[in-house]
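Here's a quick briefing to read with the structure open beside you. Take a look around the model, then work through the notes below.

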Amino acid sequence: AEARRRAERHLADRTPLHPSLSSTILSLAAIDGPSSLFEKYISSMTDGGSRADQIRFRNSLAYFTDPTLTQRALDYATSSEVRSQDAPDIIAALMAQPATAPVTWEHVKRHWTSLQKSLGVFQGLPLVVGSTRNFCDLASRNDVERFLSDHPIRGTERSAQQALETIDRCIATRTLQSKNLAEFLGN
């Protein structure tokens, strides 16, 4: 509630947020945030504010938990309204959130051809491919591997391999530690 109050005040009259807390405040305010707040974040990215503020608002889009707003963030990220060098950051941020990663991955797969054209191998595709590292289950891992092998992009092989290795480590850790955690919680 306090983060939302501060974010709304900042948006209303540009009351400065402390630099060490601004990203945290904007992200916390977005959790369960309404569409009106989402719209204010989008507007704040295009209203000529500082580049640092634009980045903070952009990165906070991933914290809106309403599925409708997640879809709007994905549509926004893959629209002509967003600079091609900024879109991968939004997509990667959405892939980093457990609640939004599956729908983001489906969106990426559906828009793969247009993402290839707009992001390019040197700008954003390695980041998007690498962001798949946030999955931690075998079904998702296999889907990522299958999709990337069916849609190879020269220059993203290393990002893909590292993402799959990270997923494998997460799955192994989860498998190894789940029994220990269950025992701990049972005591």
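Is arginine 58 buried or exposed? Arginine 58 is buried, because its relative accessible area is just 6%, and anything under 20% counts as buried. Keep in mind that you're looking at a predicted model. Here's what else there is to find, topic by topic.

**Salt bridges around arginine 58**

- Side chains of opposite charge can pair when their charged atoms come close.
- Arginine 58 does this with aspartate 89: their side chains form a salt bridge, 3.3 Å from N to O.
- Aspartate 89 belongs to helix 6 and arginine 58 to helix 4, so this pair ties together parts of the chain that are 31 residues apart in sequence.
- Unlike its buried partner, aspartate 89 is partly exposed, with a relative accessible area of 28%.
- Zoom out a little and you'll see that Arg51, Arg58, Arg83, Asp86 and Asp89 are joined into one network by salt bridges that share partners.
- Another pair to look at is aspartate 86 and arginine 51, whose closest N and O atoms are 3.0 Å apart in a salt bridge.
- That pair also links distant parts of the chain: aspartate 86 sits in the loop between helix 5 and helix 6 (87–95), while arginine 51 is in helix 4 (residues 51–60), 35 residues away in sequence.
- Here the acid is the buried one: aspartate 86 has a relative accessible area of 8%, whereas arginine 51 comes out as partly exposed at 37%.

**A salt bridge between helix 1 and helix 3**

- How many salt bridges does a search of the whole structure find? The count is 14.
- One of the salt bridges pairs glutamate 8 with lysine 40, at 2.7 Å from N to O.
- Glutamate 8 is in helix 1 and lysine 40 in helix 3, so you can trace a link between parts of the chain 32 residues apart.
- Both ends are partly exposed: glutamate 8 has 24% relative accessibility and lysine 40 has 35%.

**The disulfide**

- A disulfide is a covalent bond between the sulfur atoms of two cysteines.
- Searching the whole structure turns up one disulfide, and it joins cysteine 136 to cysteine 170 with an S to S distance of 1.8 Å.
- Cysteine 136 lies in the loop between helix 8 (112–130) and helix 9 (138–150), and cysteine 170 is in helix 10 (residues 157–186), so the bond ties together parts 34 residues apart in sequence.
- Its torsion about the S-S bond is about -100°, which means the disulfide is left-handed.
- Cysteine 136 counts as buried at 11% relative accessibility, while cysteine 170 is partly exposed at 30%.

**Two loop residues with positive phi**

- Arginine 14 isn't a glycine, yet its phi is positive, near 60°.
- You'll find arginine 14 in the loop between helix 1 (2–13) and helix 2 (22–30), where it is partly exposed at 35% relative accessibility.
- Aspartate 32 isn't a glycine either, and its phi is also positive, about 60°.
- Look for aspartate 32 in the loop between helix 2 and helix 3 (35–46); at 60% relative accessibility it counts as exposed.

**A buried threonine**

- Threonine 70 is part of helix 5 (residues 67–77), and it counts as buried because its relative accessibility is 4%.
- Which residues does threonine 70 touch, leaving out those up to four places away in sequence? They are Phe64, Leu94, Thr100 and Val103.

Technical notes. Residues are numbered from 1 along each chain as its sequence is written. This is a predicted model: local features need pLDDT of at least 70, side-chain atom pairs count only at pLDDT 80 or more; totals for chains, interfaces and linings use all residues. Side-chain values use heavy atoms; hydrogens and water are left out. Helices (H or I, at least four residues) and strands (E, at least two) are DSSP runs, numbered from the N terminus. Buried means under 20% relative accessible area, exposed over 50%, partly exposed in between (1.4 Å probe, protein chains only). Contact means heavy atoms within 4.5 Å. A disulfide is a pair of cysteine sulfur atoms within 2.5 Å. A salt bridge is a side-chain nitrogen of Lys or Arg within 4 Å of a carboxyl oxygen of Asp or Glu.
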